[in-house]
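User: Please take a close look at one part of this model, a cavity and the helices around it. I would also like to know how far the coordinates there can be trusted.

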Amino acid sequence: MTTRTTDTGKTDTGKTGRDSWPLARVLRDRNAGLYLAGVVVSGFGSSALGLAAGVWVKDLTGSDGLAALCLLALWAPTLAGPALGTIADRVRRKPLLLAANLLPAGLLLTLFAVDSPGALWLLFAVLFLYGVAGVVQDAAESALVAAAVDPGLLGDFNGLRVTANEGMKLVAPLAGAGLYAAYGGPSVAALDAVTFVLATGLYAALRVREAAPEPPPVNWRRQTAQGARFLWGHPGLRPLVLAGGVTMLCAGVGGATLYAVVDNLGRSPAYAGVLYAVQGAGSVVVGIISGPALRRLGPRRFGAAGIALFAVAVAVRAVPSDAVVWASSAAVGLGLPTVLIAALTAVQRETPGPLLGRVSATANSLVFAPNVLGLAAGAALVETVGLWLLLPALGAVLLGTATALARRPRAGVLSGTRTERL
């Protein structure tokens, strides 16, 4: 057995031979295994509901724009991410993680009352609160993972997390679409509620020792601002987060066109489940290779390569061909997660533990809040702008983002930082 000291000063223990493969070491770790199992279970329900909610609204109203607003309701709470993430630095994180899973489980059961266009306000309200719980859950989980998983394996773990979560698109959307077709939207909501309860049980089994946080020396607003200042002032994290934000802005606009793309193919709304499944297959692949790719390329080049692939995939989605759209969906699954994995891993490795809840939530807001704006813009643009113009324009913006991120950093600014050696 060999040992080494990581960039953060923690000791990383590795084994030689076959056991030196980082992926195998992640899978052997008890806490990592429980985390990943929880992600699989809750991700199944979330992926099923994410598709079913849009189809549900589309069937009740016939509007592509209103269907896209389901995603907007889910993502809108990221705008308050820095403040919500501060909760994870003020209380013990494991109990917070459990509560953030149980809350949406209860809320989802109220969707049995949604049976007409007039009741859609309840669906949008539940989706919004669902998103609030998700922001808090992500902040608590990020901080717990950084404490429980070896720093040298964070890239591999975060890649596997994407594989577990996005891989659910291989089966969950199709299962959700089938369940929706047979029994309606409330049955999918009930399924999602059950998966949240099961995930809570898995997270409850985590072995994590946490001391109660010390009372903060400053008020909530200043405590939140500390996380934002740390993130923005870090020369290694800032370019990754900014590139992630632009990427997700474009992803939001592109995501709002999903049902229009399906219409362009002459398919029913439920066909979106097929495209979700193909995208999930791409994400499974990139999640598995992300750890080695991060170590070989570094976070900036890894993220830039993925954004460039995503750019091409978005641009060609305007072609009314099943084969092209399938290939585009697989490429989206491969390209989109890269900058997200790179940024999350860098934040976990570079941020002191007491700040991690705030910093990770702030990073998530800067990355994902533009997705909210993109979804809102896309919901309007999809009704007025042709796909042949809108999607290639998004591809051009993404290619520019990839080029900017891939540029060699100025001497003395980024070179030599720990982030560049991930």
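Analyst: Helix 3 contributes four residues to the lining of the second largest cavity, the most of any element. The model is a predicted one, and the cavity in question holds about 70 Å³ of space. The count of cavities of 30 Å³ or more comes to two.

The lining consists of G50, G54, A67, A68, C70, L71, G255, A256, L258, Y259 and Y276. Besides helix 3, the elements that supply two or more of these residues are helix 2 (30-61) and helix 12 (258-264). By class, eight lining residues are nonpolar and three are polar, while none is charged.

Helix 3 also packs against another helix. Two packed helices are described by the distance between their axes and by the angle between those axes. For helix 3 (residues 64-75) and helix 6 (residues 120-148), the axes come within 7 Å and cross at roughly 35 degrees. On the helix 3 side the contact is made by L66, L69, C70, A73 and L74, and on the helix 6 side by F124, L127, F128, Y130 and G131. This contact has nine nonpolar residues, one polar residue and no charged residues. C70 appears in both settings: it is one of the cavity-lining residues and one of the residues of helix 3 in contact with helix 6.

Helix 2, which also gives residues to the cavity lining, takes part in an aromatic pair. The whole structure has three such pairs. In one of them, Y35 and F157 meet edge-to-face, with 6.2 Å from centre to centre and 80 degrees between the planes. Y35 belongs to helix 2 and F157 to helix 7 (residues 154-166); the two are 122 residues apart, so the pair links distant parts of the chain.

As for confidence, the mean pLDDT of the protein chain is 82, and 88% of its residues reach 70 or more. Among the elements, helix 9 (residues 185-204) has the highest mean, 93, and strand 1 (residues 2-5) the lowest, 32. Residues 1-19 have pLDDT below 50, although this stretch has 38 contacts in the model beyond near neighbours in sequence. Residues 411-422 also stay under 50, with 31 contacts beyond four places in sequence. Where pLDDT is low, the predicted coordinates should not be read in detail.

Key: Residues numbered from 1 in each chain as written. Predicted model: local features only at pLDDT ≥ 70, side-chain atom pairs only at ≥ 80, totals over all residues. Heavy atoms only, no water. Axes fitted to C-alpha atoms, helices over the stretch in contact; angles between N-to-C directions. Contact = heavy atoms within 4.5 Å. Nonpolar A, V, L, I, M, F, W, Y, C, P; charged D, E, K, R; others polar. 1 Å grid on protein atoms, 1.4 Å probe; cavity = no way out; pocket = protein on both sides within 12 Å on 5 of 7 lines; lining within 4 Å. Points joined across faces, edges and corners; volume = space filled by probe spheres on them. pLDDT = per-residue confidence, 0-100. Phe/Tyr/Trp six-rings, centres within 6.5 Å; stacked < 30°, edge-to-face > 60°.
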